[in-house]
Amino acid sequence: MTQTPVHTEAVVPGGTDERRVFIDKQSPAAYTALRATAEAVRGVADAAGLDRTLVELVNIRVSQLNACAYCLNTHTRAALRGGETAQRLGVLPAWRDTELFSPAERAALGLAEATTHPADAGAQSAAYAAARGVLSDDQISAVIWVAITINAFNRVSVLSKHPVRGASRA
């Protein structure tokens with residue numbers, strides 16, 4: 001049985017109008033399963049002792065790499081509500097060039113980037129080795145699962161062209 005398509009009109013780069021299917025609405029069972037996975041991953045991260053701020057940093061960094069405006073908006077707001085600072089969020093794309101992030105955060109960010117770009121075997125090995133020095137096996141697994149999950153949500157939002165609404169100046 002096919003469902004009634006759920007579309008949005010989006011302006012894509014180059015100024016053309018393009019109809020996009022909100023795949024989360026078009027295939028709700030698959031999206032519900034993805035949300036259930038995210039809940040399970042949140043439990044894994046909690047059980048591994050990962051701070052919620054670290055998890056949000058991973059979500060934001062991966063969303064930056066994937067240029068997902070919707071997820072960036074969602075997770076930046078969550079990070080700020082959770083006590084993250086505007087300064088750290090502002091320099092997150094250059095996290096390697098600052099001392100504002102703890103060793104555990106740096107290890108998690110490196111793993112998140114390696115998970116997002118798995119074809120770079122050298123970077124993947126370096127990130128994994130760095131993580132081994134400061135994160136437990138449970139934490140390494142949790143960070144990778146967080147990155148896998150936000151990558152999936154990024155693809156849903158980017159390919160659906162989910163809009164960012166209600167933007168306000170902070």
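**Notes on helix H8 and its partners**

1. A good place to start is Phe-153, which counts as buried, with a relative accessibility of 14%. Please keep in mind throughout that this is a predicted model.

2. Phe-153 has an aromatic partner, Tyr-31: their rings meet edge-to-face, with 5.9 Å from centre to centre and 90° between the planes. A search of the whole structure turns up one aromatic pair, so it is worth a look on your screen. Tyr-31 itself is partly exposed, at 21% relative accessibility; the cut-off for buried is under 20%.

3. What does the pair tie together? Tyr-31 belongs to helix H2 (residues 28–47) and Phe-153 to helix H8 (residues 137–160), so the two rings link parts that are 122 residues apart in sequence.

4. Helix H8 also packs against helix H3 (residues 52–65), where the axes are 9 Å apart and the angle is about 45°. Are H3 and H8 parallel, perpendicular or oblique to each other? At that angle they count as oblique, and their crossing is right-handed.

5. On the H3 side, the contact is made by Leu-54, Val-55, Val-58, Asn-59, Val-62 and Ser-63. H8 answers with Val-143, Val-146, Ala-147, Ile-150, Asn-151 and Asn-154.

6. How do the residues of this contact divide into nonpolar, polar and charged? Eight are nonpolar and four are polar, with no charged residue in the contact of H3 with H8. Asn-59 and Ser-63 of H3 count among the polar ones, as do Asn-151 and Asn-154 of H8.

How values were computed: Residues are numbered from 1 along each chain as its sequence is written. This is a predicted model: local features need pLDDT of at least 70, side-chain atom pairs count only at pLDDT 80 or more; totals for chains, interfaces and linings use all residues. Side-chain values use heavy atoms; hydrogens and water are left out. Rings of Phe, Tyr and Trp (its six-membered ring) pair if their centres lie within 6.5 Å; planes under 30 degrees apart count as stacked, over 60 as edge-to-face and the rest as tilted. Helices (H or I, at least four residues) and strands (E, at least two) are DSSP runs, numbered from the N terminus. Buried means under 20% relative accessible area, exposed over 50%, partly exposed in between (1.4 Å probe, protein chains only). Axes are lines fitted to C-alpha atoms, for helices over the stretch in contact, and angles run from 0 to 180 degrees between N-to-C directions. Angles under 35 degrees count as roughly parallel, over 145 as roughly antiparallel, 65 to 115 as roughly perpendicular and the rest as oblique. A crossing is left-handed if the near helix is turned anticlockwise from the far one by less than a right angle, and right-handed if clockwise. Contact means heavy atoms within 4.5 Å.
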